[in-house]
Amino acid sequence: MTDDLRKVLINALTRSDPKPDNSLAGLFRDLAPRRENPFNSLLGLLAPQPPERPMGLLALGAAIPSHLLGMEAKERRVFFSFHYADIMRVNNVRKAMEFQKEVKEASCFYDRSVWEKVRLTNPESLKGMIQRGMRYSSVVCVLFGSETWARRWVRYEIARSVIERKGLMAANINSLTHHEDRITHAAGPNPLDYLAIGQIADGSYRLFELEGGRWQRYKDFSAPVSLPKYLIRPIAGHVSALSRGAFTYDFQQQNGSKNLGGWADLAAQAAGRF
């Protein structure tokens with residue numbers, strides 16, 4: 001990407017001018033997910049919020065194709081995380097990847113989802129199965145519906161993406177027609193809003209989760225983690241939600257059947273997997 005084009009994109013993504021912009025840069029800005037409250041206090045949501053700091057181009061979540069960043073798109077192995085109640089919509093995503101010519105050309109997907117595995121009840125066994133399923137993936141893609149945000153094992157899969165330094169992204173699938181009532185539904189809460197990174201007193205970074213309106217230490221993994229490359233550094237005493245850096249899309253409205261491969265490649269690059 002030339003310096004001039006990069007300046008145009010950055011200016012378009014950060015300006016607050018309300019006038020419509022039909023340029024290429026304006027299109028990128030419109031496709032970018034909305035970001036609110038980059039930090040939340042460890043003391044709870046009612047604590048004063050520090051001012052928002054400028055973020056880099058990738059952290060804004062702009063859906064910029066890899067070729068505009070001067071990098072050739074690579075094949076990425078993607079692990080899909082989802083709530084089993086959404087399996088029919090998830091299968092629509094899987095079929096779109098299988099039959100859409102553009103998707104096959106953009107990226108080759110190796111589905112690492114574990115929904116079809118035998119159900120286990122022991123938490124440690126489930127964790128082990130998830131880790132084995134994710135072993136050869138470079139990106140975790142959360143396909144979320146109305147209740148995905150509250151699922152313990154979806155949160156664990158998101159947490160593993162941080163622990164193993166994988167790319168992370170999310171896509172709303174409620175915009176796909178439901179198989180029973182044949183209509184779309186409003187987007188559910190973004191699961192990436194409910195997991196965060198915080199820096200504790202010893203200087204290490206730990207995972208936190210939002211429970212009952214307050215940030216708590218994540219119960220399923222308490223060891224230190226590395227700060228993801230796509231995530232802005234949290235101010236001491238506050239957390240930075242993963243949604244502040246990982247990209248979120250709408251599968252139907254943003255043509256995921258064609259663009260999912262590029263999204264996955266961009267997520268991998270943002271995590272430092274070139």
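This is a tour of a predicted model, stop by stop, with what to select at each one.

Residue numbers start from 1 along each chain as its sequence is written. Because the model is predicted, local features need pLDDT of at least 70 and side-chain atom pairs count only at pLDDT 80 or more, while totals for chains, interfaces and linings use all residues; side-chain values use heavy atoms, with hydrogens and water left out.

**Stop 1: the parallel sheet**

Select β2, β3, β4 and β9; strands here are DSSP runs of E with at least two residues, helices are runs of H or I with at least four, and both are numbered from the N terminus. The four strands make an open sheet with parallel pairing, in the order β2-β3-β4-β9. Two strands count as paired if DSSP finds at least two bridges between them. The edges are β2 (78–81) and β9 (247–250); each has a single partner strand, so one side of each is left without a neighbour in the sheet. On average, neighbouring strands of this sheet are turned by 25° against each other, direction ignored.

Now keep β4 (residues 167–172) and β9 on display: four bridges pair them in the parallel sense. Met169 is found opposite Phe247 in β9.

**Stop 2: the helix across the sheet**

Add helix α7, residues 256–270. Helix α7 lies across β2, β3 (139–144), β4 and β9 (contact means heavy atoms within 4.5 Å). Relative to β4, α7 runs at about 145°; axes are lines fitted to C-alpha atoms, for helices over the stretch in contact, and angles run from 0 to 180 degrees between N-to-C directions.

**Stop 3: aromatic rings**

Select Phe247, Tyr249 and Trp263, which ring pairs link into a cluster. Rings of Phe, Tyr and Trp (its six-membered ring) pair if their centres lie within 6.5 Å; planes under 30 degrees apart count as stacked, over 60 as edge-to-face and the rest as tilted. By this rule there are four aromatic pairs.

One of them is in helix α6 (residues 152–163), where Trp153 and Tyr156 are three residues apart and therefore separated by about one helical turn. Their ring centres are 5.9 Å apart and the planes stand at 80°, so the pair is edge-to-face. Trp153 is partly exposed, with a relative accessible area of 23%, whereas Tyr156 is buried at 1% (buried means under 20% relative accessible area, exposed over 50%, partly exposed in between, with a 1.4 Å probe and protein chains only).

Phe247 and Tyr249 form an edge-to-face pair as well, 6.4 Å centre to centre with 85° between the planes. Both Phe247 and Tyr249 are buried.

**Stop 4: two hairpins**

Move to strand β6, residues 205–211, where six of the seven residues are buried. Strand β5 (residues 195–199) runs antiparallel to β6 and is joined to it by five bridges. Gln199 has Tyr205 in β6 as its bridge partner. The β5 and β6 hairpin has five residues between the strands, and Gly203 in the turn has a positive phi of about 90°.

On to β7 (residues 214–217), which is antiparallel to β6 and joined to it by four bridges. Here the bridge partner of Glu209 is Gln216 in β7. In the β6 and β7 hairpin two residues lie between the strands, and Gly212 in the turn has a positive phi of about 60°.

**Stop 5: Tyr136**

Finish in the loop between α5 (123–134) and β3, where Tyr136 is found. Tyr136 counts as exposed, at 52% relative accessibility. Add Phe79, 57 residues away along the chain: the C-alpha atoms of Tyr136 and Phe79 are separated by 8.8 Å.
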